[in-house]
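Let's take a walk through this model together. We will begin with contacts between charged side chains, then turn to the surface and the interior.

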Amino acid sequence: MRWNEFDAAVLSRIPPERLVSDPDLRLAHGTDASFYRLVPERIVRLDSLDEVRFVLAVCRELGLPCTFRAAGTSLSGQALSDSVLITLTDSWRGHRILDEGARIALQPGVIGADANRYLAPLGRKIGPDPASINACKLGGIAANNASGMCCGTAHNSYHTLHAMTLLLADGTVLESGDPQSRAALAARRPELLDGLAALRAEVLANAELAAKIRHKYRLKNTTGYAINALLDHEDPVDILTHLMIGSEGTLGFIAEVVLDTVPEYPHKASALLVFRDAEQACLATSRLKSAPVAAVELMDGRSLRSVAGKPGLPDFIKTLDLTACALLIEVHGESKEEMVDRCEQVTAMAAEFAQVASVPFTVDSTGLWAIRKGLFPAVGAVRTTGTTVIIEDVAFPIERLAEGVAGLQALFDRFEYGEAIIFGHALEGNLH
C-alpha cells in the first residue's frame with residue numbers, strides 16, 4: 001500500500017516515464033561498480049531542484065529512505081538502494097567558467113572529463129582526478145570527496161571546494177556563495193548553524209581529540225564524514241558545505257559545486273621504476289616526497305604479474321619476481337626544459353635505491369598508465385565465475401609505508417590469500 005501512495009504522490013508532479021517500477025530496470029539499477037546488490041523498489045529520474053525537493057518531501061512523509069545515484073562508478077555500494085533510488089535527467093549537465101578559469105561551477109550531472117574539456121583551452125583542470133574520470137559525474141565526485149592519482153590531498157574535492165548549492169532534507173536550499181542565501185539559512189535554521197558552532201567549540205576545547213582529527217586527515221583519508229571541517233573552518237556555513245563533501249548523499253543533495261581549478265601543465269612525462277622489493281620502493285617514495293613529482297603510484301609484484309603480457313607493456317614485467325615492487329612516477333612542467341630538469345632530479349633521487357628494471361621517463365606514457373589503470377579490471381577479469389573482487393583502502397603515514405606494505409603482505413600469506421594485490425597512491429600513503 002505504501003508504494004501505491006508513493007506512486008500516486010510522485011505522479012501528481014513527475015511524468016510517468018520518469019517513475020520506474022519495471023522489475024528488470026530496477027534489477028539493472030541494483031548494481032554499481034561495487035560487489036554489492038540492492039534492488040530499488042522505485043527509480044525516479046528528476047529534472048530540477050524543485051522536483052528533488054518535492055520527492056524528498058514525499059519520502060519524508062511516507063517514511064521511505066532514498067538514495068542519490070550519479071554514474072554508479074563507486075566501488076563501495078553507496079549508489080544502491082532497496083527503497084527509492086533518485087537519479088537525474090540530462091538537464092543537470094550545466095557549467096559556468098568563472099574568473100577566466102580560476103573557478104568552475106558544475107551541476108552534478110557533468111562528467112569529470114567534460115569539466116576538464118571545458119577548462120582545457122584556459123590551461124586549467126579540476127583538482128580531483130579519479131581513475132573513473134571519463135565516466136563519473138560531479139555529483140559523485142563531490143559526494144565521495146574524490147581525489148585520484150595526481151591530486152593527492154591538496155587538490156581533492158574537499159580542498160578545492162569554493163562554494164556549493166545544496167538542498168537539505170527539510171527543503172531548505174543554501175547557495176553558499178550568496179550572502180543573502182547564507183543569511184536566510186541562519187534565519188530559517190539557526191539551530192543547525194548553532195549546533196555546528198558548538199561542535200567546533202567542543203573539538204577545539206579537547207586538545208587530544210583535535211590532535212587525533214588532524215592526524216587522521218593529514219593522510220589521504222575519506223573514511224566517514226569530513227569532521228576536519230570543524231577545525232579547518234570557523235563559519236558554520238563553511239563547515240556545513242565541507243561536511244557535505246564526502247558525505248555520500250546522507251546529509252543532503254548537492255545541486256551545484258564551484259571548484260577552484262588547478263593548472264593543467266602542458267608538458268608531462270612518466271617513468272616506471274621497478275625496485276628489488278617493497279621496502280626499497282617505499283623508501284624511495286619517502287625520498288620523493290620532497291621531489292617535484294605530480295604522482296607516485298605503487299604496484300607490488302602480484303599487481304605487475306596480473307597485467308603481464310598485456311599489449312604494449314614492457315616484456316620484462318613477465319620475468320619479474322613477486323617480491324619486486326614498482327613505482328609509476330609522473331612529472332609536470334610549465335616548459336619542456338622545466339619538465340626535463342625535474343625528470344633528471346627524480347631519476348637521480350630514485351637511483352639511491354635498489355632497482356631491477358625500469359622504463360625511463362617518456363612523454364609517450366599512455367602504455368605505462370594503462371598498467372596502473374588496468375589493475376583492478378585485470379584482476380576482476382580472471383576471477384572464478386561466481387566469485388567477486390573485494391577492494392579496500394588503507395592509509396599509512398608515509399614514513400611507515402614500508403612497514404604497512406610488509407604487514408599487509410604478511411596477512412595475505414598468513415590467511416592464504418594468494419590472489420591479493422597491493423597498489424595505490426604511494427605519495428599519500430594510500431593503498432588499495
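This is a predicted model, and a good place to start is E51, whose side chain meets that of R18 in a salt bridge, 2.8 Å from N to O. The two partners come from distant parts of the chain, 33 residues apart: E51 belongs to helix α3 (residues 49-62), while R18 lies in the loop between α1 (2-11) and β1 (19-20). Both E51 and R18 are buried.

Now look at E399, which forms a salt bridge with R218, their closest N and O atoms being 3.7 Å apart. This pair spans 181 residues, linking the loop between β15 (394-395) and α17 (401-414) to helix α9. E399 counts as exposed because its relative accessibility is 56%, over the 50% cut-off. R218, at 44%, counts as partly exposed.

Helix α17 brings us to D413, which is paired with R302 of helix α13 (residues 301-307) across 111 residues of chain. Here too a salt bridge forms, with 3.7 Å between the closest N and O atoms. D413 is exposed at 52%, and R302 is partly exposed at 22%. Elsewhere, D99, R103 and D260 are joined into one network by salt bridges that share partners. The total count is 22 salt bridges.

On the surface, Y225, I227 and L251 make up a nonpolar patch with about 230 Å² of accessible area together. Y225 sits in the loop between α9 (207-218) and α10 (229-232).

What about the interior? There is one cavity of 30 Å³ or more, with a volume of about 150 Å³. Of its 17 lining residues, N145, N156, Y217, N221 and N228 are the closest to its centre. The lining comprises six nonpolar, ten polar and one charged residues.

Technical notes: Residues are numbered from 1 along each chain as its sequence is written. This is a predicted model: local features need pLDDT of at least 70, side-chain atom pairs count only at pLDDT 80 or more; totals for chains, interfaces and linings use all residues. Side-chain values use heavy atoms; hydrogens and water are left out. On a 1 Å grid over the protein atoms alone, a cavity is a set of points where a 1.4 Å probe fits but cannot get out, and a pocket is an open set with protein on both sides within 12 Å along at least five of seven lines; lining residues have an atom within 4 Å of a point. Grid points are joined across faces, edges and corners, and a volume is the space filled by probe spheres set on the points. Ala, Val, Leu, Ile, Met, Phe, Trp, Tyr, Cys and Pro count as nonpolar, Asp, Glu, Lys and Arg as charged, and the others, Gly among them, as polar. Patches are made of residues with over 30% relative accessible area and no salt bridge: like charges are joined within 9 Å, nonpolar side chains (Val, Leu, Ile, Met, Phe, Trp, Tyr) within 5 Å. Accessible areas come from the Shrake-Rupley method with a 1.4 Å probe; for residues, only the protein chains shown count as cover. A salt bridge is a side-chain nitrogen of Lys or Arg within 4 Å of a carboxyl oxygen of Asp or Glu. Helices (H or I, at least four residues) and strands (E, at least two) are DSSP runs, numbered from the N terminus. Buried means under 20% relative accessible area, exposed over 50%, partly exposed in between (1.4 Å probe, protein chains only).
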